[in-house]
Amino acid sequence: MSSSIYIFAIGFLAQIFFAARILVQWIQSEKAKRVLSPSLFWVFSLAGAYLFFIYGWLRNDFAIVLGQLISYYIYLWNLNIKGVWKNIPIAFRYILLLTPVVAICFVANNAGEFIARFLHNKDVPLWLLIYGSLGQILFTLRFIYQWLYSRKKGESTLPAGFWLISLTGSLAIVSYGIIRLDPVLIVGQSFGMVAYIRNLVLIFRKGE
């Protein structure tokens, strides 16, 4: 029981960072009357993803782990294009860069254990694992879309498509969280949906 409390604490801390990124982005966008992509959005995204990956690992939840791995390096790319990456101490940069690589190597060397823990988890039947993974992939596609869009623009930006995919993916993850009885997913995603809708309103008002 005590270990579960610590695990949920890590998950909620990750969601606090995710909520903080949305709050910062929301406040700055409201002030500017247009959708912005502040540096703090990406700093908080990275911190949240790091913790949420740990949470997913401890919960034996493949869907969460997969979702964080897909978007992780896109956060780093945005921090780099905004000039924040070079200000991070070099030791921390190596840690941030190598953490997913180390995790993947660990999985490769312990494939049997990984499959047993994550893909044959009695608490997550196969259909739910597939559903949750698809929800996480959909939700994470927003960052792939954002990365491609920003590369084309030559700057870090958060276009309408990013928020539309966010809203759709968030609905899928909330439903997955309800089935999994996971308060971290339910609370975190429910907060974000309000901001996603508001950003879409700002974008369509500006005709961007």
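What follows is a walk through this structure, from its core to its surface. Keep in mind that this is a predicted model.

Let's start inside. The largest nonpolar core counts 43 residues. Its best-connected members, going by contacts inside the core, are F41, W42, L46, F52, F143, L158 and W163. Plenty of helices chip in: α1, α2, α3, α6, α7 and α8 each provide at least two residues of this core. The biggest contributor is α8, which gives 8 residues.

Some of those core names come back when you look at the aromatic rings. Ring pairs join F41, W42, Y75, F139, F143, F162, W163 and Y196 into a cluster. One member, F139, also has a charged visitor: the charged end of R142 sits over the F139 ring, 3.8 Å from the ring centre.

Aromatic pairing goes on well beyond that example, with 18 aromatic pairs in the structure. Take F18 and F52, an edge-to-face pair with 5.8 Å between the centres and 90° between the planes. F18 belongs to helix α1 (residues 2-32) and F52 to helix α2 (residues 39-58), so this pair ties together parts that are 34 residues apart in sequence. Both F18 and F52 are buried.

Now compare W77 and W147. They also form an edge-to-face pair, here with 6.5 Å centre to centre and 85° between the planes. W77 is in helix α3 (residues 62-81) and W147 is in helix α6 (residues 126-153), so the pair ties together parts that are 70 residues apart in sequence. As for solvent, W77 counts as partly exposed because its relative accessibility is 23%. W147 is partly exposed too, because its relative accessibility is 25%.

Helices α1 and α2 can also be followed through a polar residue. Q15 lies in helix α1, and Q15 counts as buried because its relative accessible area is 8%. From Q15 to S45 you move 30 residues along the sequence, yet the C-alpha to C-alpha separation is 9.7 Å.

What about charges? Side chains of opposite charge can pair when their charged atoms come close. A search of the whole structure turns up 2 salt bridges. In one, the side chains of E30 and R198 meet, with 2.4 Å from N to O. E30 is in helix α1 and R198 in helix α8, so the pair ties together parts that are 168 residues apart in sequence. E30 is partly exposed, with a relative accessible area of 22%, and R198 is also partly exposed, at 22%.

The other bridge joins D182 and R59, whose closest N and O atoms are 3.2 Å apart. Here loops do the work: D182 lies in the loop between α7 and α8 while R59 lies in the loop between α2 and α3, so the pair ties together parts that are 123 residues apart in sequence. Is D182 buried or exposed? D182 is buried, because its relative accessible area is 0%.

Stay in that α7–α8 loop for a moment. L181 is found there, between α7 (160-180) and α8 (183-206). L181 is not a glycine, but it has a positive phi of about 55°. Its relative accessibility is 69%, so L181 counts as exposed. K33 gives you another non-glycine residue with a positive phi, this one about 60°. Look for K33 in the loop between α1 and α2. K33 is exposed as well, because its relative accessible area is 53%.

Moving along to helix α8, you reach F204. This aromatic counts as exposed, because its relative accessibility is 54%. F204 and A160 are 44 residues apart in sequence, while their C-alpha atoms are 8.2 Å apart in space.

Last stop: the outside. Y73, I90, Y94, L97, L98, V101 and V102 make up a nonpolar surface patch of about 650 Å². The largest share of this patch, 6 residues, comes from helix α4 (residues 90-109). I90 is in helix α4, and with a relative accessible area of 52%, I90 is exposed.

Methods
Residues are numbered from 1 along each chain as its sequence is written. This is a predicted model: local features need pLDDT of at least 70, side-chain atom pairs count only at pLDDT 80 or more; totals for chains, interfaces and linings use all residues. Side-chain values use heavy atoms; hydrogens and water are left out. Patches are made of residues with over 30% relative accessible area and no salt bridge: like charges are joined within 9 Å, nonpolar side chains (Val, Leu, Ile, Met, Phe, Trp, Tyr) within 5 Å. Accessible areas come from the Shrake-Rupley method with a 1.4 Å probe; for residues, only the protein chains shown count as cover. A salt bridge is a side-chain nitrogen of Lys or Arg within 4 Å of a carboxyl oxygen of Asp or Glu. Helices (H or I, at least four residues) and strands (E, at least two) are DSSP runs, numbered from the N terminus. Buried means under 20% relative accessible area, exposed over 50%, partly exposed in between (1.4 Å probe, protein chains only). Rings of Phe, Tyr and Trp (its six-membered ring) pair if their centres lie within 6.5 Å; planes under 30 degrees apart count as stacked, over 60 as edge-to-face and the rest as tilted. A charge sits over a ring if NZ of Lys or CZ of Arg is within 6 Å of the ring centre and within 35 degrees of the ring normal. A nonpolar core is a set of buried Ala, Val, Leu, Ile, Met, Phe, Trp, Tyr and Cys residues joined through side-chain atoms within 4.5 Å.
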